[in-house]
Amino acid sequence: MTLTAKDFKSDLKPIWCPGCGDFGVVQAMYRALAAIGRPPHEIAFVSGIGCSSRIPGYTTAYGFNSVHGRALPIAQGIKLARPQLLVLAAGGDGDGFSIGGGHVPHAIRRNMDITYVVMDNQIYGLTKGQLSPTSPRGLQTVTSVGGSLEQPINPLLYVLAYGAGFVAQGTPADMAGLTAVIEEAIRYPGFAFVNVQSPCVTYGQENQQIKAHREQMKTLASLGHDATNMAAALARAQHYGSELYTGVFYKNPQPPQTFEAQARERQTQLGPSARPRDRILDMFRQQ
Amino acid sequence: MPTKGIDYRTISLRDALDLAVLIEEEAKERYLELADQMELHHTPDAEGFFRFMADNEDKHRVELLERRHKLFDHQPSGVTREQLFDVEAPDYSEARVFMTPREALETALRSETKAWTFFDKVLPQLVDLGVRGLFEELRAEEVHHQELVRRELAKLPPDDAFCHEDFADEPVGQD
């Protein structure tokens, strides 16, 4: 059966502000999922809290709009319990790098086959425009009236430094490019991270909108970037905030075994000696 | 190029017609999405205009589809919607809360111009005379559509200096 983008679109109408970058992101996801060819009932979509975290409801896949910053732990739990499912996690920069920031390194080092898409708009939009972990230094918001005094987190360096096997960036200003990196991330057998520069039309900065992205963006492919070279990826990623590079920064050419595959092996090894479920409490009884 | 994986040097008339149908379908669906956004954000004038545009795009889609079926019956298509990226569909980033009728019409004008640019860029690559004729016709139609939108724009009073976005509602809850 050939699947189309429409097969992944739910009947729920998005309530994002008109002009929001997330409209393009969800379209790119529909297209990427259609290209992957797994039917909606074989896909689980988990998010945290925020404007972008509404995305699971706008797809026909199984969805879980969970709690703030906890998309990754829940996605990992689903993947471990149901490894045959295609598991996606999504959320904003605040959800991923502030409230949920502590979960990202552990998801990376555990290396489950999950695709994590962060819609990075450098602001808390849903709560009306406070500083987020990726807000640039000097940004004036309702919580930084005199301008932010903090250095922003660099999501690309963050995940590369912890050893993510697939790291990419896109923008809805380039729908074909964004669709391609999401599809490639899903196909990567391990933890894959896609940072999407998805503008907040209501509280975002003028130079972060789609029109500006079209002028600023440079595809890594056009720069001759070698996505198998970690050092080159780190060098390019350092320009987050000053250059808008799109495409794949890093893709491990020899992906290590995933956590769920190792867990299955361990289960097989220990299976013959394991207690049956109804005798599990015997472990805690005095012999 | 807002399409991917289509070789215009070898495209057949059947696939060119299918592409044209899909372009209209994509534009129709986008106008409906924008209309829904306007409805949700209590902007009835822009909503009405976007629904009108959706109807127009659908009319063109049906006309092209009839031509396709007359010439090629139900032969399978060589192009899919997944190969198109906003050829004539207005960008999502065009929409704004409390868009004025003028802003909505300007959005449509930019979309018609975008479609014209697409056909104009593709034309030099075309070899098949039938496909060339079709794309020339479609390009000319875009000019006609632009004229229609410009005519409607001329009837509108100028927008006031009031920035509607500054008075926009916050995103609302959903039933």
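The legends below walk through several close-up views of this predicted model.

**Figure 1. Chain B meets chain A across an interface of about 2,100 Å² of buried area.** Let us start where the two chains touch: 25 residues of chain B are in contact with 26 residues of chain A. Carbon and sulfur atoms give 55% of the buried area. Five salt bridges are counted between chain B and chain A, while the structure holds 27 salt bridges over all chains.

**Figure 2. A:Lys6 pairs with B:Glu29 and with B:Glu25.** In the salt bridge between B:Glu29 and A:Lys6, the N to O distance is 2.8 Å. This pair crosses between chains, running from helix H1 (residues 13–40) of chain B to the segment before helix H1 (22–36) of chain A. For the salt bridge of B:Glu25 with A:Lys6, the closest N and O atoms are 3.4 Å apart. A:Lys6 itself counts as partly exposed, because its relative accessibility is 44%.

**Figure 3. A network of salt bridges brings together residues of both chains.** Chain A contributes A:Lys13 to this network. On the chain B side, look for B:Asp36, B:Glu39, B:Glu47 and B:Arg51.

**Figure 4. Within chain A, A:Lys251 forms a salt bridge with A:Glu184.** Here the closest N and O atoms are 3.1 Å apart. The two partners come from distant parts of the chain, 67 residues apart, with A:Lys251 in strand S8 and A:Glu184 in helix H6 (residues 175–187). A:Lys251 is partly exposed, with a relative accessible area of 29%, and A:Glu184 also counts as partly exposed at 29%.

**Figure 5. A:Thr246 is a buried residue of strand S8 in chain A.** The strand covers residues 245–251, and A:Thr246 has a relative accessibility of 5%. Leaving out residues up to four places away in sequence, A:Thr246 touches A:Gln169, A:Gly170, A:Thr171, A:Met217, A:Lys218, A:Thr219 and A:Leu220. The C-alpha atoms of A:Thr246 and A:Met217 are separated by 6.7 Å, although these residues lie 29 residues apart along the chain.

**Figure 6. A:Cys17 and A:Cys200 do not form a disulfide.** Why is there no bond between the sulfur of A:Cys17 and the closest cysteine sulfur, in A:Cys200? The two sulfurs are 6.4 Å apart, too far for a bond, because a disulfide needs the pair to be within 2.5 Å. Both cysteines are buried, A:Cys17 at 13% relative accessible area and A:Cys200 at 10%. Over all chains, the structure holds zero disulfides.

**Figure 7. In chain B, B:Lys114 and B:Asp91 meet in a salt bridge.** The N to O distance is 2.8 Å. B:Lys114 sits in helix H3 (residues 101–122), while B:Asp91 lies in the loop between helix H2 (44–72) and H3, 23 residues apart. B:Lys114 is partly exposed, at 26%, whereas B:Asp91 counts as buried, at 14%.

**Figure 8. B:Gln146 is buried in helix H4 of chain B.** The helix covers residues 129–155, and the relative accessibility of B:Gln146 is 10%. Beyond its neighbours within four places in sequence, B:Gln146 is in contact with B:Leu109, B:Glu112, B:Thr113 and B:Trp116.

**Figure 9. Four residues of chain A make a nonpolar surface patch.** A:Ile280, A:Leu281, A:Met283 and A:Phe284 together make up about 460 Å². A:Ile280 is found in the segment after helix H9 (259–270) and counts as partly exposed, at 41% relative accessibility.

Methods
Residues numbered from 1 in each chain as written. Chains lettered and ligands numbered in written order. Predicted model: local features only at pLDDT ≥ 70, side-chain atom pairs only at ≥ 80, totals over all residues. Heavy atoms only, no water. Patch = residues over 30% accessible without salt bridge, like charges linked within 9 Å, V, L, I, M, F, W, Y side chains within 5 Å. Areas by Shrake-Rupley, 256 points an atom, 1.4 Å probe, with all protein chains shown as cover. Salt bridge = Lys/Arg side-chain N within 4 Å of Asp/Glu carboxyl O. Helix = DSSP H or I, 4+ residues; strand = E, 2+ residues; numbered from the N terminus. Buried < 20%, exposed > 50% of the residue type's maximum accessible area, 1.4 Å probe, protein only. Contact = heavy atoms within 4.5 Å. Buried area = accessible area lost by both parts, 1.4 Å probe.
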